[in-house]
Amino acid sequence: MKKKILAIALKNAINHNGKANPKAVLGRFLAENPEYRKKAKEVLQVVEKVVKEIENLSINDMKKMLKDLGVNVEEKGRKEKDLELPNVKDKVVMRFAPNPSGPLHIGHARAAVLNDYFVKKYGGKLILRLEDTDPKRVLPESYDMIKEDLDWLGVKVDEIVIQSDRMEIYYEYGKKLIEMGYAYVCECEPEEFRKLRNKGIPCKCRERSVEENLDLWEKMLNGEIENVAVRLKTDIRHKNPSIRDFPIFRIEKTPHPRTGEKYVVYPLMNFSVPIDDYLLGMTHVLRGKDHIVNTEKQSYIYKYFNWKMPEFIHYGILKIEDTVLSTSSIYKGIKEGLYSGWDDVRLGTLRALRRRGIKAEAIYEIMKRIGIKQADVKFSWENLYAINKELIDKEARRFFFVWNPKKLVIENAKKRILNLRMHPDRPEFGKRELIFDGEVYVVGDEIEEGKMYRLMELFNIVVEKVNDIIKAKYHSDDFKIARKNKAKIIHWIPIKDSLKVKVLMPTGEIKEGFAEKDFKIVNVDDIVQFERFGFVRVDKKGNKKIICCYAHR
C-alpha cells in the first residue's frame, strides 16, 4: 500500500512544482484501490506521512525514485498559454512607466515582464518612461535603482524617457488645448468646484474667453498666480463625476530633484500620459483595470487632437499579501531605522527578493503565467517559491544547520566519522565531513524526555533528561527500529569546529545557531540548502559568523 501511495504522491508532486496535495493523492489511491475505502482515515495518515517524507526532495530526486519503483513518469505538460496581443499590425512599441519614488517591487514586475515579453515576441521597442512630474514623490536615487532592477530582471530597455525633461512639450500641447477652446484656467476653490461638478453645473471659469485663459496660463508659468488649475472640458453631465472637467495642470512649488525651481506648473498623469503615449508611438498599452476610468479621461485628449489611440489592454488586479510594497512607507521606515535598507528581507522589493535568493527567472516566469487575464488574481508566494526551487535545487549544496541550539550528550556511543555528499545528485560537488565524538548540538525545542530519536545519517538514541544540557543514550543503528518506534528524524552538528550562523527570516525573526564545519567553504551569494530548514543565500561571511537570508522551503 505504501509503495502505491508513494508512486502516486511522487507523480502528483512532479506535476505541481514539487508539492504533493495529500487529498489529491488519497483520492487517486482510493479510486485505484476501492477495497481501502472503509479505511480512508488510516490511509490518509499514511498519505500525509509519505507526502511529508518527500516534500524536500528535488524534482530530479522524485523522478529517480519513481524510476526505482518501476513507474513511468507521466508529467503533466506545462504548455505555456500563448500570450497574445490584439490587433498587432507590425512591430509593437510598448512602455513600462513607473514613478521614481523608490526601486521596483514584486507588483511592478508584472507590467515590466509582460511588456518585455510582448516586445521580444513581436519585435519592436520597449520604452522605460520615468513619470516624475510630482516633485513630492521623487526619490533621486531611484532613477538608477529602477534601471538596475530591470537589468537584473532580464527586461531589455530600448529607450529611456524622463518626463521632467519634457515639460516644454507638455506646455506646448496644454497651450494648444486652451487655444482650441478645450481647456481653461480654473480659479475656483477645490471644494466649491467639487460641489458644482457633482451637480453637473459648470463653474464660472468655464466660459472665460480663450484670450483670458491664455493670459492666465502665462501668469501660471511665470509664477505670478497660485491656487489655480487648468481643466479639460469634457461632458459636464457625465455619469461619472470624476470625468467632468478633470484637471490637467496644477501649480506645485516644491523644488524638483532634477530641475530645481525651474518649473512651477506640472502636468497631471491624465494629460502627460496620453501626450507621451502618442508622441512616442505606443501601439499597445498594458494597464490594470483600475485604470479604466483614466483610459476614458485620456480618450478626450486623443479626440481633441484627432489622434489614433493605442490598443489598451486592461488586466485584473494582482493582489499581493504578506509583504510591504508601499515605497513611501518603506522609505519612512528606512529613515526611522525600522528597515536596514531597500533590500531588507522583510520587504517585497525586487532587491529584497534577490537578497533572499529568489532568481529573476522565477519572477519572470510567474508573471508570464499570471498573464493579462481580466479576472483579479491573488499572487501566490508558494508558486513563486516552487518555480525558484526548480531553478536553485540542482546547484544548492546541502548542509546541517541547528537553530536555537542545545547541547546533547550521548552515552555509550562510539566516535564516528561521516562523509556525506554535498549534493545527492552531484557527486562532482564533493563530500562534507561530520565527526561524532559524543557531544552535538540539536534544535532544543524538538526534543522531549523519554522519546526515541534518529540522528540523521547516524543512529537512534533515547532521551533521558532535558535540561540546559540534554542527556541521552545510544540505542541502535538500524533505521527500521526508528521507523518501528515512530522516531522523529533530527539533524545535528558536532560541537567541535561548528560555525556560528545567523539567518534573517522574511518574517523579521532571526534564527541563530550553528552550521557544520565544512560550511566555511561557501562564498557570499551562494545559495545552499540547510536540510530540514530551507534554502538560504549567503549574505555576509566573517571570521566569527556567517549571515544568511532565508529564501523558502
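A residue counts as buried under 20% relative accessible area, as exposed over 50%, and as partly exposed in between. By that rule E457, at 49% relative accessibility, is partly exposed. The model described here is predicted. This briefing covers two open sheets, one of three strands and one of seven. It then turns to helix α1, the crossing of α10 and α11, and a few single residues, including F246.

**The three-stranded sheet**

- This open sheet runs in the order β1-β2-β3, and its pairing is parallel.
- Its edge strands are β1 and β3 (159-162), each of which pairs on one side only.
- From one strand to the next, the twist averages 25 degrees.
- Five bridges link strand β1 (residues 92-96) with β2 in the parallel sense.
- Within that pair, R95 stands opposite I127 in β2.
- Four bridges link β2 with β3, again in the parallel sense.
- Here R129 stands opposite V161 in β3.
- Helix α6 (residues 142-153) packs on this sheet and touches β1, β2 and β3.
- The direction of α6 makes about 150 degrees with that of β2.
- Strand β2 (residues 124-130) has five of its seven residues buried, so the rest of the structure largely encloses it.
- In a regular strand, side chains alternate between the two faces of the sheet.

**The seven-stranded sheet**

- The second open sheet has the order β12-β25-β26-β27-β23-β24-β13, and its pairing is mixed.
- β12 (398-399) and β13 (401-403) stand at the edges with a single partner strand each, so one side of each has no neighbour in the sheet.
- β12 and strand β25 (residues 527-530) run parallel and are joined by two bridges.
- R398 stands opposite Q529 in β25.
- Helix α15 (residues 381-392) packs on this sheet, where it touches β25, β26 (534-541) and β27 (546-552).
- The direction of α15 makes about 125 degrees with that of β27.

**Helix α1**

- Helix α1 covers residues 2-14, which is 13 residues.
- At 1.5 Å a residue, α1 should span 18 Å. Its end C-alpha atoms are 18 Å apart, so the two values agree.
- Of the 13 residues of α1, 10 are buried, so the helix is largely enclosed by the rest of the structure.
- The buried residues of α1 are I5, L6, A7, I8, A9, L10, K11, N12, A13 and I14.
- Their cover includes α2 (22-32), α3 (40-54) and α4 (59-68).

**Helices α10 and α11**

- The axes of helix α10 (residues 269-279) and helix α11 (residues 292-305) come within 9 Å.
- They cross at roughly 55 degrees, which makes α10 oblique to α11.
- The crossing is right-handed.
- On the α10 side, the contact is made by M269, N270, F271, V273, P274, I275, D277 and Y278.
- On the α11 side, N294, K297, Q298, I301, Y302 and F305 take part.

**F246, a buried loop residue**

- F246 sits in the loop between β5 (229-232) and β6 (247-251).
- With a relative accessible area of 2%, F246 is buried, because that value is under the 20% cut-off.
- Leaving aside residues up to four places away in sequence, F246 touches V230, R231, L232, T234, N270 and K297.
- Two of these also belong to the helix contact above: N270 of α10 and K297 of α11.
- F246 and K91 are 155 residues apart in sequence, and their C-alpha atoms are 34 Å apart in space.

**Two loop residues with positive phi**

- Most residues other than glycine have a negative phi.
- E457 has a phi near 65 degrees, a positive value in a residue other than glycine.
- E457 lies in the loop between β18 (452-455) and β19 (460-465).
- Its relative accessibility of 49% makes E457 partly exposed.
- R532 also is not a glycine, and its phi is positive at about 65 degrees.
- R532 lies in the loop between β25 and β26, two strands of the seven-stranded sheet.
- At 22% relative accessibility, R532 counts as partly exposed.

Note on methods. Residues are numbered from 1 along each chain as its sequence is written. This is a predicted model: local features need pLDDT of at least 70, side-chain atom pairs count only at pLDDT 80 or more; totals for chains, interfaces and linings use all residues. Side-chain values use heavy atoms; hydrogens and water are left out. Two strands pair if DSSP finds at least two bridges between them. Contact means heavy atoms within 4.5 Å. Axes are lines fitted to C-alpha atoms, for helices over the stretch in contact, and angles run from 0 to 180 degrees between N-to-C directions. The expected span of a helix is 1.5 Å times one less than its number of residues. Buried means under 20% relative accessible area, exposed over 50%, partly exposed in between (1.4 Å probe, protein chains only). Angles under 35 degrees count as roughly parallel, over 145 as roughly antiparallel, 65 to 115 as roughly perpendicular and the rest as oblique. A crossing is left-handed if the near helix is turned anticlockwise from the far one by less than a right angle, and right-handed if clockwise.
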